[in-house]
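Biologist: Could you take a close look at one part of this model for me, and then walk me through some of its strands and loops? I would love a connected account rather than a list.

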Amino acid sequence: MESNRVLLDFQIPIQDAVSRLQFAPLSNNLLVSSWDSILRLYDADNCTLRLEVASEAALLDCCFQNESLALSAASDGCIRRYELQSGIFETVGKHGDSVTHIRYSDQTCQIVTAGLDGKIQLWDTRNKKSPSFVRNMGSDVVSMSLSGFNLIVASGACVYLLDLRNLEKSIQLKDSYMKVPVACVSSVPYREGVAVGSVDGRVALDIACLDQTDDIRYIFRCHPKSKAAKNHLESVNDIVFNPIHHGAFATGDNAGFVSIWDFQRKTRILELPRFPNSVASLSYNCGGELLAVASSCTYQEANEREEPPQVFLHNVKEK
């Protein structure tokens, strides 16, 4: 595969860490949330910034509800919904502490949130201000991913599978994938499966393969050895699966590296040139040819590089 890199130009530079990137479900509009309390919408087709909306607290996550509505999770505990044509927003609900993760379910028409209060909450978009379901996980949710009815939640070194149709019951996928804290989880969008990234640079894959005898289950290290023959122990901050090229997925780590892999062939397809800062978030567009990369500090380490937050687009083409 080959790739070229484009730096997005924002009229007002991003002043603090980028928390999340996400492409729209059907277009090349890119949503960007950041700790500077501003939600941005960028039109990748026309290379223009369509919207900037400031709020009262740091934005810790964001997602699309549909092409015209977006959602954000904030440090003040508020869940906000934005009308992307006008920029008008409203508060949908509130956690007892910072909201760190937010997703939207097309299947149930519900907003799914998790916060530092240790709770997972579901919000019916037709019944504002009051959650339709609350589950106490007992500890902070460090990562969350949603595909269909399957909600994948990471807490400490444990990963849980929950069904949105029966959230009272949960399945712990493994006692521990790697015996170290989990940094991120990602659902496979086109089949049953999950990828788990660790704080020490490893990825665990657990994917059901209906067309093969054996399911895919293995763990690998993104950067086995450095030039000094030392293990690369940087946290894997995000994992995203290509929605079109099945089998391909990308990882981004705290040292600024992004790699694209083929999980069926167990090979690295491409490593992008190192980014100026940590890789905080990744997102593929619906066509699978654009990969958005947030180069930003993540507040994980005291010695992180202090480069300004930047967002890059890569046009990734199959050879």
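Modeller: Happy to. Let's begin with Ser295, which sits in strand 27, the stretch covering residues 290-295. Please keep in mind throughout that this is a predicted model. Ser295 has a relative accessibility of 0%, and because buried means under 20%, the residue counts as buried. Its side chain makes a polar contact, reaching the backbone nitrogen of Asn277 at 3.0 Å. Asn277 also appears among the residues in contact with Ser295 once neighbours within four places in sequence are left aside. That list includes Phe275, Pro276 and Ser278, together with Pro308, Pro309, Gln310 and Phe312.

From that serine we can turn to a sheet. Strands 10, 11, 12 and 13 form an open sheet in the order 10-11-12-13, with antiparallel pairing. Strand 10 (99-105) and strand 13 (133-136) are the edge strands; each has a single partner, so one side of each lacks a neighbour in the sheet. From one strand to the next, the twist averages 15°. As general background, strands of a sheet pair through backbone hydrogen bonds, in either a parallel or an antiparallel way. Here, strand 10 is joined to strand 11 (residues 110-115) by 6 bridges, and the two run antiparallel. If you want a spot to click on, try Ile102, which stands opposite Thr113 in strand 11.

Next comes a loop residue, Leu164, placed between strand 16 (158-163) and strand 17 (166-174). Although Leu164 is in a loop, its relative accessibility is 9%, so Leu164 counts as buried. Leaving aside neighbours within four places in sequence, the contacts of Leu164 include Ser105, Thr108, Val112 and Leu122. Leu146, Gly148, Phe149 and Leu151 are also in contact with Leu164. Phe149 deserves a second look: Phe149 and Leu164 are 15 residues apart in sequence, and their C-alpha atoms are 5.2 Å apart in space. Ser105 links back to the sheet described above, since strand 10 spans 99-105, and Val112 falls within strand 11, residues 110-115.

Let's finish with strand 18 (residues 182-187). In that strand, 6 of the 6 residues are buried, so strand 18 is largely enclosed by the rest of the structure. Strand 18 pairs with strand 19 (residues 193-198) in the antiparallel sense, over 5 bridges. Within this pairing, Val185 has Val196 in strand 19 as its bridge partner. A hairpin of 5 residues takes the chain from strand 18 to strand 19.

Definitions and conventions. Residues numbered from 1 in each chain as written. Predicted model: local features only at pLDDT ≥ 70, side-chain atom pairs only at ≥ 80, totals over all residues. Heavy atoms only, no water. Helix = DSSP H or I, 4+ residues; strand = E, 2+ residues; numbered from the N terminus. Buried < 20%, exposed > 50% of the residue type's maximum accessible area, 1.4 Å probe, protein only. Polar contact = N/O pair within 3.5 Å; in protein donor to acceptor, adjacent residues only side chain to side chain. Contact = heavy atoms within 4.5 Å. Pairing = 2+ DSSP bridges. Axes fitted to C-alpha atoms, helices over the stretch in contact; angles between N-to-C directions.
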